[in-house]
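Here is a short report on one protein chain. Keep the sequence and the 3D view open while reading.

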Amino acid sequence: NHLVYKFVITGGPCGGKTTALARLFSFLRERGYEVITCPEAFTIFGSNGMSLDFFATDGMDYIIQNSVLDVQLCLEESLERILKARGKPAVLLCDRGPMD
């Protein structure tokens, strides 16, 4: 039973997160690790139709923030479970995280 190491890459827009994730992914794969990247939940919502206009609806900020947290935690837990099931040294690279 191998450990799954989790790294969360944080930073502002254009801070180099995507570049860092790609380089880390390649670097770790070349060294024999199973690697999966976990996308940022808010980006998933935004790229699939949720616009910032949604925040104009009363109480929507709370609903969206809770939904983002739910999806982010579920994604990370699910991907970690998949990596553990592989039974090999593994790394989960997260594009931001719940506390970000």
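The report below goes from the whole chain to its strands, its helices and a few single residues.

**The chain as a whole**

This is a predicted model. The protein chain holds three helices and three strands. Read from the N terminus, the order of elements is β-α-β-α-α-β. The C-alpha trace spans about 50 × 30 × 20 Å along its principal axes.

Of the 100 residues in the protein chain, 25% are buried. Contacts over long stretches of sequence are frequent. Among contacts with a separation of 6 or more, 74% link residues 24 or more positions apart.

The surface can be described by area and by charge. The protein chain exposes about 6,700 Å², and 58% of that comes from carbon and sulfur atoms. There are 10 positive and 12 negative side chains. The centres of these two sets lie 14 Å apart.

**The strands**

Start with strand 3, residues 90–95. Is strand 3 enclosed or open to the outside? Six of its six residues are buried, so strand 3 is largely enclosed by the rest of the structure. A residue counts as buried when its relative accessible area is under 20%.

In a regular strand, side chains alternate between the two faces of the sheet. Both faces of strand 3 are covered. One side carries Ala 90, Leu 92 and Cys 94, and these are buried. The other side carries Val 91, Leu 93 and Asp 95, and these are buried too.

Strand 3 pairs with two partners, strand 1 and strand 2. Strand 1 covers residues 4–9 and runs parallel to strand 3, with six bridges between them. Here Ile 9 stands opposite Asp 95 of strand 3. Strand 2 covers residues 34–38 and also runs parallel to strand 3, joined by five bridges. In this pairing, Val 35 has Val 91 of strand 3 as its bridge partner.

**Helix 3 and its surroundings**

Helix 3 runs over residues 60–86. Does its length fit or miss the expected span? At 1.5 Å a residue, its 27 residues should span 39 Å, and the end C-alpha atoms are 39 Å apart, so the two values agree.

Which residues of helix 3 are buried? They are Ile 64, Val 68, Gln 72, Glu 76, Leu 79 and Leu 83. The set includes Gln 72 and Glu 76 alongside Ile, Val and Leu residues. The buried residues of helix 3 pack against strand 1, strand 2, strand 3 and helix 2. Just past the end of helix 3, Gly 87 takes a positive phi of about 70°.

Helix 2 spans residues 41–46, and Phe 45 lies in it. Leaving aside neighbours within four places in sequence, Phe 45 is in contact with Met 50, Ser 67, Val 68 and Val 71. One of these, Val 68, is among the buried residues of helix 3.

**Residues with some exposure**

Leu 69 belongs to helix 3. At 34% relative accessibility, Leu 69 counts as partly exposed. Ile 82 also lies in helix 3. At 45% relative accessibility, Ile 82 counts as partly exposed as well.

Two loop residues are exposed. Asn 48 sits in the loop between helix 2 and helix 3. Its relative accessibility is 61%, so Asn 48 counts as exposed. Cys 14 sits in the loop between strand 1 and helix 1, residues 17–30. Its relative accessibility is 87%, so Cys 14 counts as exposed.

The backbone at Cys 14 deserves a look. Most residues other than glycine have a negative phi. Cys 14 is not a glycine, yet its phi is positive, at about 60°.

**Sequence gap and distance in space**

The table sets residue pairs side by side, with distances taken from C-alpha to C-alpha.

| Pair | Apart in sequence | Apart in space |
|---|---|---|
| Leu 69 and Met 99 | 30 residues | 8.9 Å |
| Phe 45 and Ser 67 | 22 residues | 9.6 Å |
| Ile 82 and Val 4 | 78 residues | 10.0 Å |
| Asn 48 and Tyr 62 | 14 residues | 19 Å |

Ile 82 and Val 4 are 78 residues apart along the chain, with 10.0 Å between their C-alpha atoms. Asn 48 and Tyr 62 are 14 residues apart in sequence, with 19 Å between their C-alpha atoms.

Conventions:
Residues numbered from 1 in each chain as written. Predicted model: local features only at pLDDT ≥ 70, side-chain atom pairs only at ≥ 80, totals over all residues. Heavy atoms only, no water. Buried < 20%, exposed > 50% of the residue type's maximum accessible area, 1.4 Å probe, protein only. Helix = DSSP H or I, 4+ residues; strand = E, 2+ residues; numbered from the N terminus. Pairing = 2+ DSSP bridges. Contact = heavy atoms within 4.5 Å. Areas by Shrake-Rupley, 256 points an atom, 1.4 Å probe, with all protein chains shown as cover. Lys, Arg positive; Asp, Glu negative; His and termini not counted. Charge placed at Lys NZ, Arg CZ, Asp CG, Glu CD. Expected span 1.5 Å × (residues − 1).
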